[in-house]
Amino acid sequence: MPKCGHVALTGRPNVGKSSLLNALVGGHLAIVSPKAQATRLPVTGLRTDGDVQYVFHDLPGLLQPEYLLHQRMREAALAAIARVDLILHLHPAAEAPAPDFAALTGLALPPRAPVVTVYTKADLVPAGRRAGLAETGIPVSVDDPASIEVLLGRMKPLLPDAPFEFPGDDIGTQPVRFFVTEFLREAAFTLLEEELPYAVTAEVEEFREERDPVYIRASLFVETASQKGIVIGHQGQMLKQIGTHARARIEELLGRKVYLDTWVKVLPKWRRSDELLARFGFPAPPSESR
């Protein structure tokens, strides 16, 4: 009987969830940034090895909300934790031990799925300490394929016996439009300074895959006119760099040339608006909906 199970990659912000997802699926799906809270919506990645299919969910970091967007991010993470078959609680090896998972989530009851502690960035600690961490968790490094194989081996027996849910050669489940917006945000986190990337979101307004090159028109949204000026940059140079960075990621994903037409627009206080957050993929939980 084949195995197929959903696995949550969760923990505090900036513990290496997205880097680990990319290493597990063998492709650049999740955006990676040294800045915390880059992941806003769960990213689903797939890995199929023989008779087992892993369905990974890279979740937003479990942070204490400062505004409504943070609250929606935390709600999305907790909702996914409640649904999956296995939970990987990620924590940097250099900051071990990991915090108590129940305290981190704030859940009244423990999750139904087993929780496995994974110590990320294990290459940054001495070998002796890695050996000690292996007694209570699984040390991994995205640059060490052997540690990734150990992690996969530890996960396999914890997954349910079930038929595959997705084609064996797929590495992702979400539409290309989703990744276009993610790669634009990744470019913003890479190229923009300080707090500005947190005020940026993106939306695909036109996608014509029948064209050659593929034509995509997308908008970057910010909260103030001054932010718009910074994102555009002198003579449009910053926006050009953002588009170039994102286009390279999109072309890698599609395996085709892309014409990416990017614009910048102002949406005041979008991070604090129920209506606008729902538009960008952050609806209120059913209990809050009217």
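**Exercise 1.** Leaving aside neighbours within four places in sequence, which residues is Thr10 in contact with? Then work out whether Thr10 is buried or exposed.

*Solution.* Keep in mind that this is a predicted model.
- Step 1: find Thr10 in strand E1, which covers residues 3-11.
- Step 2: list the contacts, and you get Lys17, Leu59, Leu62, Ile81, Ile87, Leu88, His89, Leu90 and Phe101.
- Step 3: pick out His89 from that list. His89 sits 79 residues away from Thr10 in sequence, yet their C-alpha atoms are 5.3 Å apart in space.
- Step 4: check the accessibility. Buried means under 20%, and Thr10 counts as buried because its relative accessibility is 0%.

**Exercise 2.** Work out which strands stand at the edges of the sheet.

*Solution.*
- Step 1: write down the strand order, E2-E3-E1-E4-E5-E6, for this open sheet with mixed pairing.
- Step 2: look at the ends. Strands E2 (43-49) and E6 (138-139) each have a single partner strand, so one side of each is left without a neighbour in the sheet.
- Step 3: zoom in on E6. Two bridges join E6 to strand E5 (residues 115-120), and the two run parallel. Here Tyr119 has Pro139 of E6 as its bridge partner.

**Exercise 3.** Find which residues have the most contacts inside the largest nonpolar core.

*Solution.*
- Step 1: take the core of 68 residues; Phe56, Leu88 and Met155 have the most contacts inside it.
- Step 2: see which helix gives the most to this core: that's H6 (residues 176-191), with eight residues.
- Step 3: don't mix this up with a second, separate core of 11 residues, which includes Leu59, Ala77, Ile81 and Phe101.

Note on methods. Residues numbered from 1 in each chain as written. Predicted model: local features only at pLDDT ≥ 70, side-chain atom pairs only at ≥ 80, totals over all residues. Heavy atoms only, no water. Helix = DSSP H or I, 4+ residues; strand = E, 2+ residues; numbered from the N terminus. Buried < 20%, exposed > 50% of the residue type's maximum accessible area, 1.4 Å probe, protein only. Contact = heavy atoms within 4.5 Å. Pairing = 2+ DSSP bridges. Core = buried A, V, L, I, M, F, W, Y, C linked by side-chain atoms within 4.5 Å.
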